[in-house]
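Please look through the structure below before reading on. The paragraphs after it go through a few features in turn.

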Amino acid sequence: MAREGGLFDRGLEGLSHNFLTGNLERLVKWARYNSTFPATFGLACCAIEMMGTGAAHYDLARFGMEVFRASPRQADLMIVAGRVSQKMAPVLRQIYDQMAEPKWVISMGVCASTGGMFNNYAIVQGVDQIVPVDVYAPGCPPGPMTLMHAILTLHEKIKTGELTKRRGAGEGAGLVIEQRPR
């Protein structure tokens, strides 16, 4: 029987950080960043660049992301590509809520990040008002290299453990990366 305040009372938090739990934590992080399954949310011209990133020339399969998931319940990464209208915002939030935990979001393009040139009542002025964004990929539209850089930046954050902590509503990592040349 464990004593008061031990493993049975506090779960895994009752374990001290040792050889076994340290390696297990590294293994979980490795599995998470090598098998992120994207749920695409392509809404405009950025979606064409996102599809180009998944094609053979850029080969997302080497990062464990060869299959874009059609079901949000099988995905843990949402790539929002393009402008989000006010009518589409509740759908985006519903898909985000159905995704598996832990989940991450990449905002692809200036329209998804800030509304872009569409400064009107019909377009959401930044997808971070709907879901927490972890990485922003700039550009109009950002090329496949920029999206791959955003994905690798997200993988690095998952690997270091900065993004594996539970986030509150409206909180994201908020990383902004530079645009890569085509």
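What follows covers a surface patch, three salt bridges, a charge over a ring and one helix.

This is a predicted model, in which local features need pLDDT of at least 70 and side-chain atom pairs count only at pLDDT 80 or more, while totals for chains, interfaces and linings use all residues. Residues are numbered from 1 along each chain as its sequence is written, and side-chain values use heavy atoms, leaving out hydrogens and water.

Start with the surface. L24, L27, V28 and W30 make a nonpolar patch of about 390 Å². Such a patch joins nonpolar side chains (Val, Leu, Ile, Met, Phe, Trp, Tyr) within 5 Å, taking residues with over 30% relative accessible area and no salt bridge. Accessible areas come from the Shrake-Rupley method with a 1.4 Å probe, and for residues only the protein chains shown count as cover. L24 belongs to helix 2 (residues 19-33); helices are DSSP runs of H or I with at least four residues, numbered from the N terminus. L24 is partly exposed because its relative accessibility is 48%, a value between the limits for buried (under 20%) and exposed (over 50%).

Next come the charged side chains. Side chains of opposite charge can pair when their charged atoms come close. The count here is three salt bridges, each a side-chain nitrogen of Lys or Arg within 4 Å of a carboxyl oxygen of Asp or Glu. One of them joins D97 and R93 at 3.1 Å, N to O. These two residues are four apart in helix 4 (residues 89-98), so about one helical turn separates them. D97 is partly exposed at 45%, and R93 is partly exposed at 29%.

Another salt bridge, at 3.6 Å, links K103 and E101. K103 is buried, with a relative accessible area of 9%. K103 also lies over the face of Y96, 4.4 Å from the ring centre; this requires NZ of Lys or CZ of Arg within 6 Å of the ring centre and within 35 degrees of the ring normal.

Helix 6 (residues 144-160) holds the pair K159 and E156, whose salt bridge is 3.7 Å from N to O. Being three residues apart, they are separated by about one helical turn. K159 is partly exposed at 38%, as is E156 at 40%. The buried residues of helix 6 include P144, L147, H149 and I158. Its 17 residues should span 24 Å at 1.5 Å a residue, which agrees with the 24 Å between its end C-alpha atoms; the expected span is 1.5 Å times one less than the number of residues. After helix 6 comes G161, with a positive phi near 90°.

Conventions: Patches are made of residues with over 30% relative accessible area and no salt bridge: like charges are joined within 9 Å, nonpolar side chains (Val, Leu, Ile, Met, Phe, Trp, Tyr) within 5 Å. Buried means under 20% relative accessible area, exposed over 50%, partly exposed in between (1.4 Å probe, protein chains only).
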